[in-house]
Structure formats: C-alpha cells, structure tokens
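Colleague: I would like a close look at one part of this model, the helix that carries a cysteine with no bonding partner, together with whatever surrounds that helix. Please take it slowly and connect the pieces as you go.

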Amino acid sequence: MPARIIDGTAIAKRLRQEIAAQIIDTKHLTPGLAVVLVGEDPASQVYVRNKARAAEESGIKSWTNRLPADAPQDELLDVIAVLNNDPAVHGILVQLPLPKQIDTQTIIAAVDPAKDVDGFHPINAGKLALGLPGFAPCTPQGCMILIREALSDLKGKKALVLGRSNIVGKPMMQLLLQADCTVTVAHSKTKDLAAECREADILVAAIGKPAFVKGDWVKPGAIVIDVGINRIDDKDHPGKTKLIGDVDFAPASDRAAAITPVPGGVGPMTIACLLGNTLTAATRSR
C-alpha cells in the first residue's frame, strides 16, 4: 500500500492561519521581523521574498535590509547592532549562506538571542540541548510537526537523523530526544548506513544529496521526512530543472507508512515556524 503523503503545504497554511489569529488577539502588538540579505544569490532572494510575503499575510511587519555581496563584515555587524536595539524589531534573520569574506559564526553570535528567530545562536543551541525555553531552528521544528501529524505517540520509537549540521541534524536530534525517541545520528563516516536506516521507525534525511536514500533502506511502515532540496536536470524536459529530495521518493513510498514530498513537504513548514518564533519573540518582549 503506497505511503500517505504528509502535505506540508496544507499543514503550514493551517499553522500560518493560527499565527495570524493569535496576532489579532494580541492587541496593540505587531510582531516585527527584520531580514538581512547580503549579495544577489538568486535562491536566497526567492527565499527572502517568500518569507516577507508570508510574514505580511500573517500580520507580521517585515523589513528587508540588503547589503552588496562585497560588504565587509563590520558593515553587517553594524546593521545587526541597529536591529538589536530597535524595539519594533522582535525577530532578526540573517539569510545564509554569507559571502566568503564574512565569518558566519561571528554573525550568528552577534544577533540578540532574544531576537534570534532562526534559533542558531549558541545560547539558544545550548538551551535546546538542556531542554530550556528558547528558540529552536525552524526546519527541525517543522519536521517535528510533520512527524506528529503521522504518528501521535513518539515514545520509544527509533529515530535516525541522516546529517549532523548545526542547522538541521543536531537540533533535530535534540527535539526527537525531548519527544522520548531513541535517536541515532548518521553521517558520511557511518558504517553500513543502509542497515542503520532500516532500523528506523522515523527517518529524517538532511544531507543534500539527491535521491541518496534508496527505497529498500526504508523500514516497512516507517515515517520518512525528507529535508533535502536538490535542483537537478529534468530528463523529461530537456533544458529545464526540477527539485527532488534526499530520498528516492517512489520506491521509498512503497515501503513507508507516511512520507513528505519535495517540494511541498518540509519547505513550507520552515517559513511557518519562523513566523511562529517571531510571534513568540514579540510576546516575550512585552
């Protein structure tokens, strides 16, 4: 029986509507989200436009601060300092990746942790590890919502996170642990990766390699969350490209109980959770 498709687009829409309703209920408070974009990377520009549009539709005021690709690090730090001190700005998002002349970790650490709606600041990463209130990164948050849509009780489930990045893999591990899962983190040095995957009741793939996870790696009845967004040539339409995930979708769907598509799975959830973090930041500031 083919897997149930976990519709991230529909779930994200529902979440954005809930956020908009909460903003209406928080009288005299308009959450503010400032996005900082350095350079002219086309993908980043698309992401920033989508975030700004989703914010405005939800009742969040959004600003985009643009710097040229050759902007020095000090100029970016000055922009962040201004935003840190602006009471109308509740959330700050610095669009990644940054140009090579800028140290990403220095920039992340410069953002006020109370306005770090990306959840990347070392203080928020530490709070997540300790189970304390803070901001969790948006993509893992979205993944957890999608997992719970497919599986109401996560206690004792074996979860495998494929990828160990600070943005997805490591915080994903922490959130699954908090949900009482037994968690394994796999990566490029893992021995017999296929065997590890076959043991997982919940498989989260976040490595950035198109169709890397094969269908027969998926445990029958597993929940598969595909974080990958990979642009490849479309063989059916010469000269065009298409998006695929880190999981070989069709054969994996024949074994999984539920699976996220790409596009239309995790991606929309990331933006919805960013808006949720911004509302939380605004509420805490008051």
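Modeller: I begin with the cysteine itself: the sulfur of C143 lies 8.8 Å from the closest cysteine sulfur, that of C273, which is too far for a bond. This is a predicted model, and the structure holds zero disulfides. A disulfide would need the two sulfur atoms within 2.5 Å. C197 is likewise without a bond, because the closest cysteine sulfur, in C143, is 15 Å from its own and that is too far. C143 is buried, with a relative accessible area of 0%, and C197 is buried with a relative accessible area of 0% too.

C143 is among the buried residues of helix 6, a list that also includes C138, T139, P140, G142, M144, L146 and I147. Helix 6 covers residues 138-150, and its 13 residues should span 18 Å at 1.5 Å a residue; the end C-alpha atoms are 19 Å apart, which agrees. The cover over the buried residues of this helix includes helix 1 (8-25), helix 7 (169-178) and helix 10 (266-285), as well as strand 7 (202-205) and strand 8 (223-226).

A150 is also in helix 6, but A150 counts as partly exposed, at 24% relative accessibility. Leaving aside residues up to four places away in sequence, A150 touches R4, I6, I223 and A258. Two of these contacts, I223 and A258, are themselves bridge partners, with A258 placed in strand 11. The C-alpha atoms of A150 and I107, by contrast, are separated by 37 Å, although these residues are 43 apart along the chain.

The strands around helix 6 belong to an open sheet of six, in the order 1-11-8-7-5-6, with parallel pairing. Strand 1 (4-5) and strand 6 (182-186) stand at its edges, each with a single partner strand, so one side of each is left without a neighbour in the sheet. Within this sheet, strand 8 and strand 11 (residues 258-259) run parallel and are joined by two bridges. Helix 6 lies across strand 1, strand 7, strand 8 and strand 11, and runs at about 155 degrees to strand 8. Helix 7, which was named above as part of the cover over helix 6, lies across strand 5 (158-162), strand 6 and strand 7, running at about 170 degrees to strand 5.

Several loops that adjoin these elements have backbone features worth checking by eye. As background, most residues other than glycine have a negative phi, and most peptide bonds are trans. D180, in the loop between helix 7 and strand 6, has a positive phi of about 70 degrees although it is not a glycine, and D180 counts as partly exposed at 45% relative accessibility. A211 is found in the loop between strand 7 and strand 8; its phi is near 50 degrees, again a positive value in a residue other than glycine, while at 16% relative accessibility A211 counts as buried. The peptide bond from V262 to P263 is cis, with omega near 0 degrees, and P263 sits in the loop between strand 11 and helix 10, the latter being one of the helices that cover helix 6.

For comparison, there is also an open sheet of three strands, in the order 3-2-4, whose pairing is parallel. Strand 3 (61-67) and strand 4 (91-94) are its edge strands, each pairing on one side only, and the twist averages 15 degrees from one strand to the next. Strand 2 (residues 32-38) is joined to strand 3 by seven bridges and to strand 4 by four, running parallel to it. A34 stands opposite W63 in strand 3 and opposite I92 in strand 4. In strand 4, G91 and L93 point one way and I92 and V94 the other, and all are buried. Helix 2 (residues 42-58) lies across strand 2, strand 3 and strand 4, running at about 160 degrees to strand 3.

How values were computed: Residues numbered from 1 in each chain as written. Predicted model: local features only at pLDDT ≥ 70, side-chain atom pairs only at ≥ 80, totals over all residues. Heavy atoms only, no water. Pairing = 2+ DSSP bridges. Axes fitted to C-alpha atoms, helices over the stretch in contact; angles between N-to-C directions. Contact = heavy atoms within 4.5 Å. Buried < 20%, exposed > 50% of the residue type's maximum accessible area, 1.4 Å probe, protein only. Expected span 1.5 Å × (residues − 1).
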